[in-house]
Amino acid sequence: VPQGSLDVRDFFGRTTGQHRAEILRRNRVDKVMVEKGSPLADWLERSRAFEPVDTPSERYDLFTVDLGELPG
């Protein structure tokens, strides 16, 4: 299984914030899209490393990622 596929599964699954930060850094991610109201969306909203992007979607939230602000 390619590492990228494992990273996607881990990032959107139940894992620690530290592990998510490692995944984002390793893949040099600059944007993340998540389901509105999900626990992951709540985590992103509370972190200084993520800035919400205004989108017309009623189902998903989009965030830009500041890799320098990620924990750890």
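Let us start with D7, which is buried, at a relative accessible area of 3%. In this predicted model, the side chain of D7 meets that of R26 in a salt bridge, with 2.7 Å from N to O. The two partners come from distant parts of the chain: D7 belongs to helix α1, residues 3-12, and R26 to helix α2, with their positions 19 residues apart. R26 itself counts as partly exposed, at 43% relative accessibility. As background, side chains of opposite charge can pair when their charged atoms come close.

How many salt bridges does the structure hold? There are four, and I shall describe two others. One of them joins D10 and R9, whose closest N and O atoms are 3.1 Å apart. Here D10 is partly exposed, at 21% relative accessibility, while R9 counts as exposed, at 54%.

The other is formed by the side chains of R48 and E69, again as a salt bridge, at 3.1 Å from N to O. R48 is in the loop between α3 and β2, and E69 is in the segment after β3, so this pair ties together parts that lie 21 residues apart in sequence. As for accessibility, R48 is exposed, with a relative accessible area of 69%, and E69 is partly exposed, at 31%.

I turn now to the sheet. Three strands make up an open sheet, arranged in the order β1-β3-β2, with antiparallel pairing. Which strands are at the edges? They are β1 and β2, the latter covering residues 50-53, and each of them pairs on one side only. Ignoring direction, neighbouring strands of the sheet are turned against each other by 35° on average. Between β1 and β3, the antiparallel pairing runs over five bridges. One position to look at on the model is E35, which stands opposite Y60 in β3.

Y60 also offers a route to the loop between β1 and α3, where S38 lies. The C-alpha atoms of S38 and Y60 are 9.5 Å apart in space, although the two residues are separated by 22 residues in sequence. Is S38 buried or exposed? At 15% relative accessibility, S38 counts as buried.

Next, the nonpolar core. In soluble globular proteins, nonpolar side chains tend to be buried together. In this model, the largest nonpolar core has 16 residues, and those with the most contacts inside it are L24, V32, V34, L44 and F50. Four elements give two or more residues to this core: α2 (17-26), β1 (31-35), α3 (39-46) and β3 (60-65). Of these, α3 gives the most, with four residues.

V32 serves as an example from this core. Which residues is V32 in contact with, once its neighbours within four places in sequence are left aside? The contacts are F11, L24, L44, F50, D61, L62, F63 and V65. L24, L44 and F50 thus appear both among these contacts and among the core residues with the most contacts inside the core.

Finally, a word on confidence. The mean pLDDT of the protein chain is 94, and 100% of its residues reach 70 or more. Confidence is highest in β3, at 98, and lowest in α3, at a mean of 93. To return to the opening residue, D7 is buried, and its salt-bridge partner is R26.

How values were computed
Residues numbered from 1 in each chain as written. Predicted model: local features only at pLDDT ≥ 70, side-chain atom pairs only at ≥ 80, totals over all residues. Heavy atoms only, no water. Core = buried A, V, L, I, M, F, W, Y, C linked by side-chain atoms within 4.5 Å. Buried < 20%, exposed > 50% of the residue type's maximum accessible area, 1.4 Å probe, protein only. Contact = heavy atoms within 4.5 Å. Pairing = 2+ DSSP bridges. Axes fitted to C-alpha atoms, helices over the stretch in contact; angles between N-to-C directions. pLDDT = per-residue confidence, 0-100.
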